[in-house]
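Me: I am new to this structure. Please take a close look at one part of it, the place where two helices pack together, and walk me through it.

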Amino acid sequence: EMSEDALTLLTKIGVETSLRYAIQMIIASALVCAKRKGVEVEVEDIKKVYSLFVDVKRSTQFLVEYQNEFLFSEMQDNDADMTDART
């Protein structure tokens, strides 16, 4: 079972991301609801799952935003330094 507001939110998430992500959200939200011993999936359940699992768009945005803090960024910097040293 799912509340109307939760269904509306999941529909919006599905349109903005992908059907696969929305289906995964349904399954995970149902598990969160069961853990709290709820009868119906509520918006709060979906919000909790949404905060825990990111879709491709948010994941890519995170990588772009923090790319300089990842190890591969340091490797690229070292490669550039090594190229400069050879010339």
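Reply: Here is a short walk from the whole chain to one helix pair and one residue in it.

This is a predicted model, in which local features need pLDDT of at least 70, side-chain atom pairs count only at pLDDT 80 or more, and totals for chains, interfaces and linings use all residues. Residues are numbered from 1 along each chain as its sequence is written, and side-chain values use heavy atoms, with hydrogens and water left out.

Start with the whole. The protein chain has five helices and zero strands. Helices are DSSP runs of H or I with at least four residues, strands are E runs of at least two, and both are numbered from the N terminus. Of the 87 residues, 21% count as buried. Buried means under 20% relative accessible area, exposed over 50%, and partly exposed in between, with a 1.4 Å probe and protein chains only.

Now the pair. Two packed helices are described by the angle between their axes and the distance between the axes. For α2 and α3, the angle is about 115 degrees, and the axes lie 9 Å apart. Axes are lines fitted to C-alpha atoms, for helices over the stretch in contact, and angles run from 0 to 180 degrees between N-to-C directions. From α2, the contact uses Tyr21, Met25, Ala28, Ser29, Val32 and Cys33. From α3 come Asp45, Ile46, Lys48, Val49 and Tyr50. Contact means heavy atoms within 4.5 Å. By type, these residues are eight nonpolar, one polar and two charged. Here Ala, Val, Leu, Ile, Met, Phe, Trp, Tyr, Cys and Pro count as nonpolar, Asp, Glu, Lys and Arg as charged, and the others, Gly among them, as polar.

Next, Ser29. Ser29 sits in helix α2. Ser29 counts as buried because its relative accessibility is 0%. Setting aside neighbours within four places in sequence, Ser29 touches Val41, Asp45, Ile46 and Val49. With the same kind of neighbours left out, Ala28 is in contact with Val49 and Phe53.

Finally, the core. The largest nonpolar core has twelve residues, including Ala28, Val41, Ile46 and Val49. Such a core is a set of buried Ala, Val, Leu, Ile, Met, Phe, Trp, Tyr and Cys residues joined through side-chain atoms within 4.5 Å. α1 (4-16), α2 (19-35) and α3 (43-52) each give two or more residues to this core. α2 gives the most, with five.
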